[in-house]
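Open the model in your viewer and keep the sequence panel beside it. This tour tells you what to select at each stop and what is there.

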Amino acid sequence: MRKATQYNLFTDLFLLTFTVTRSRILTTEIPHHLAGLRLDQALAVLFPDFSRARLQTWIKDGHALLDGIQVAPRQKLLGGERVELRAEADAAVECEAEAIPLTVVHADESIFVIDKPAGLVVHPAAGHPAGTLQNALLHLDPALAAIPRCGIVHRLDKDTSGLLVVARTLEAHKSLVDQLKDRSVNREYLALVQGMVTAGATVDEPIGRHPADRKRFAVRPDGRESVTHYRVEERFLHHTLLRVRLETGRTHQIRVHMAHLHHPLVGDPVYGGRARIPVAADPVLIDALRGFRRQALHAARLGLIHPEKGGEMAWESPLPPDFDALLRLLRSLG
């Protein structure tokens, strides 16, 4: 496991309203085997680090020249033409960059890996306009304003702790998004659930919006494909610690799937209902369970292919103190 670095950021808040621009000129020649394709199609082949939509925008904005001339994305190619592409990240972001401490597990020119604490919202939204991971990232690296969603390619719920990756370049962003789509990113969680789980299994049940509560999600036949693998990590008298691996990444996926199995996460205020107190629980355990006011879910391991270097990389995160203390208590009770 790689050693984490604690960034204690202390400068004042400021409003980030400037335009961040990072660009570079890429040149190539259209190979003859791409003759007959449209310009946008050929550039998608020649510059796979950028999405088709982004390339089309650059062509329309005059950032791609064919033999020195601005043309439309649908321009048919003959082969042998010279292409000059100005790959430019240009975005104005109005968001407060805030001096929020972050635990940075890994940092290089392409990515950050962050160990997010429970209680930190990932993106600004209604009810959380500030104080989010995105605000903290803009303070850590203002150039992230030029990357979609400030480089955040996957998220964790507010009260879920653990690892997530942030792209620092457009190329890294596309690579990570593609890896998530290809299901090659390894995301493992530790989840403490109610009841005794006898063995590991796979939940392959589609998830969609709850029919009666738009803030919740539920297993429903018209939902999106959702696959969760789990195995037993440790058993207690009335609870089970699971190691969970996501194959897909739907909102609230682990929480919904575990509740669907009638083993909701301990502390989950949305899908777990009131705290389930075992009949034989002593006062210490009762207080601990009632006092654990978030879902017991931790993103413990993250593995991916480095967007630039190409090698496999992986990181692990220790359990946060509140989760670890609850497990210690459960062990002490036998």
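A residue counts as exposed when its relative accessible area is over 50%, as buried when it is under 20%, and as partly exposed in between. Keep in mind that this is a predicted model.

**Stop 1: a pair within one helix**

Select Arg328. Its relative accessibility is 54%, so Arg328 counts as exposed. Now add Asp324. At 24% relative accessibility, Asp324 is partly exposed. The two residues form a salt bridge, and their closest N and O atoms are 2.8 Å apart. Both sit in helix H7, 4 residues apart, which is about one turn of the helix. Why does that spacing help? An α-helix has 3.6 residues a turn, so residues three or four places apart point the same way.

**Stop 2: a pair across the sequence**

Stay on helix H7 and select Arg331 with Glu234. Their side chains meet in a salt bridge, at 2.7 Å from N to O. Arg331 belongs to helix H7 (residues 321-332) and Glu234 to strand E15 (residues 227-235), so this pair ties together parts that lie 97 residues apart in sequence. How accessible are the partners? Arg331 has 39% relative accessibility and counts as partly exposed. Glu234, at 22%, also counts as partly exposed.

**Stop 3: more salt bridges**

Select Arg220 and Asp222. Here too the side chains meet in a salt bridge, 2.6 Å from N to O. Arg220 is partly exposed, with a relative accessible area of 24%. Asp222 is exposed, with a relative accessible area of 56%.

Next, select Arg155, Asp157, Arg255 and Asp268 together. Salt bridges link these four residues in a network. How many salt bridges are counted in the model? The count is 16. The general idea is simple: side chains of opposite charge can pair when their charged atoms come close.

**Stop 4: a hairpin**

Select residues 102-107, which are strand E8, and residues 111-116, which are strand E9. The two strands pair in the antiparallel sense, over 4 bridges. Together E8 and E9 form a hairpin, with 3 residues between them. To see one of the bridges, click on Val104 and then on its partner in E9, Ile114.

**Stop 5: helix H4**

Select residues 170-181, which make up helix H4. Place a distance label between the C-alpha atoms at its two ends: they are 17 Å apart. At 1.5 Å a residue, the 12 residues should span 16 Å, so the two values agree.

Which residues of H4 are buried? They are Leu170, Glu171, Ala172, His173, Ser175, Leu176 and Gln179. Now step past the helix to Arg183. This residue follows H4, and its phi is positive, near 60°.

**Stop 6: the cavity**

Now turn to empty space. Rolling a probe the size of a water molecule over the atoms shows where such space is left. A search of the whole structure finds 1 cavity of 30 Å³ or more. Its volume is about 40 Å³.

Select its lining: His154, Leu156, Leu163, Arg187, Tyr189, Ala299, Arg301 and Leu302. Strand E11 (186-194) and strand E17 (297-305) are the elements that give two or more residues to this lining. E17 supplies the largest share, with 3 residues. What classes of residue are found around the cavity? The lining divides into 5 nonpolar, 1 polar and 2 charged residues.

**Stop 7: the largest pocket**

Select Arg155, Leu156, Asp157, Thr251 and His252. Among the 43 residues that line the largest pocket, these lie nearest its centre. You have already met Arg155 and Asp157 in the salt-bridge network, and Leu156 in the cavity lining. The pocket has a volume of about 1,400 Å³. H4, E11 and helix H5 (253-260) each supply at least two residues of its lining. By class, that lining has 16 nonpolar, 11 polar and 16 charged residues.

**Stop 8: the second largest pocket**

Finish with Gly267, Gly273, Ala275, Leu289 and Phe292. They lie nearest the centre of the second largest pocket, which is lined by 16 residues. Its volume is about 240 Å³. The lining divides into 6 nonpolar, 4 polar and 6 charged residues.

Methods. Residues numbered from 1 in each chain as written. Predicted model: local features only at pLDDT ≥ 70, side-chain atom pairs only at ≥ 80, totals over all residues. Heavy atoms only, no water. Buried < 20%, exposed > 50% of the residue type's maximum accessible area, 1.4 Å probe, protein only. Pairing = 2+ DSSP bridges. Expected span 1.5 Å × (residues − 1). 1 Å grid on protein atoms, 1.4 Å probe; cavity = no way out; pocket = protein on both sides within 12 Å on 5 of 7 lines; lining within 4 Å. Points joined across faces, edges and corners; volume = space filled by probe spheres on them. Nonpolar A, V, L, I, M, F, W, Y, C, P; charged D, E, K, R; others polar.
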